[in-house]
Amino acid sequence: MLFTQKVQTVGSISEFMNRDDVKKEERIDIKKLTSAGMVPLMLAVPSFAFAAEPNMAEKWARGELYEKVVHAFEPVVGLVQALSYPIGLVVMLGGGLFVMIGNREKGFTLIQQAGIGYLLVQSLPMLMDLLVEIAKSI
């Protein structure tokens, strides 16, 4: 009697599926959404809002926007670089196990590919910075 379940009937399935009160609450007013979304965009990007100079938007896109995008991806790049060491270590240990059980070709291939992959992951951000600087000078 202490843990008996209470059963409550609420109606048929069609009544539940055709509720109008929930559908009215879930509708989003598109005009309000776009007008509320444009105000912060215009405040954040004054060159698009006022268009003082003819090439202002292009300069902004090349300079400030580029820096914001690059800095936005820095945590992702840092995470991938931080994860490359433990993943490379596990793959190299797996390669060592393959060597131990007699499959030398597979083991040394895994060790070699893990080492090359680790070096690439660690050095590619530096290489990309170099390529960006070369492209800026052209």
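Which element gives the most to the lining of the largest pocket? Keep that one in mind while I walk you through the model. And a reminder before we start: this is a predicted model.

Okay, the overall layout. The protein chain has six helices and zero strands. If you read along from the N terminus, the elements go α-α-α-α-α-α. The chain has 138 residues, and buried residues make up 7% of them.

Now, back to the pocket. The largest pocket holds about 260 Å³ of space. Two elements give two or more residues to its lining, namely helix H5, covering 56-100, and helix H6, covering 104-137. And here's what I asked at the start: H5 gives the most, with six residues.

Who's actually in that lining? You've got Tyr 66, Val 69, Val 70, Phe 73, Glu 74 and Val 77, and then Pro 125, Met 128, Asp 129 and Val 132. Sorted by character, the lining comes out as eight nonpolar, no polar and two charged residues. Glu 74 and Asp 129 count as the charged ones, because Asp and Glu are in the charged class.

Let's move to the surface. There's a nonpolar patch made of Ile 116, Leu 120, Leu 124, Leu 127, Met 128, Leu 130, Leu 131, Ile 134 and Ile 138. Together they have about 870 Å² of accessible area. You may have caught Met 128 in there: it belongs to this patch, and it also lines the largest pocket.

Let me pick one patch member, Ile 134, which is found in helix H6. Is Ile 134 buried, partly exposed or exposed? Its relative accessibility is 43%, so it counts as partly exposed, since that label covers what falls between 20% and 50%.

Next, two residues from helix H5. Tyr 85 lies in H5, and it's exposed, because its relative accessible area is 53% and the cut-off for exposed is over 50%. How far apart in space are Tyr 85 and Tyr 118, C-alpha to C-alpha? They're 6.8 Å apart, with their positions 33 residues apart in sequence terms.

The other one is Leu 89, also placed in helix H5. Leu 89 has 37% relative accessibility, so we call it partly exposed. Pair it with Ile 111, and you get 22 residues apart in sequence and 9.0 Å apart in space, again C-alpha to C-alpha.

So if you're turning the model on your own screen, start with H5 and H6, which both give two or more residues to the pocket lining, and then find the patch that includes Ile 134.

Terms used. Residues numbered from 1 in each chain as written. Predicted model: local features only at pLDDT ≥ 70, side-chain atom pairs only at ≥ 80, totals over all residues. Heavy atoms only, no water. 1 Å grid on protein atoms, 1.4 Å probe; cavity = no way out; pocket = protein on both sides within 12 Å on 5 of 7 lines; lining within 4 Å. Points joined across faces, edges and corners; volume = space filled by probe spheres on them. Helix = DSSP H or I, 4+ residues; strand = E, 2+ residues; numbered from the N terminus. Patch = residues over 30% accessible without salt bridge, like charges linked within 9 Å, V, L, I, M, F, W, Y side chains within 5 Å. Areas by Shrake-Rupley, 256 points an atom, 1.4 Å probe, with all protein chains shown as cover. Salt bridge = Lys/Arg side-chain N within 4 Å of Asp/Glu carboxyl O. Buried < 20%, exposed > 50% of the residue type's maximum accessible area, 1.4 Å probe, protein only.
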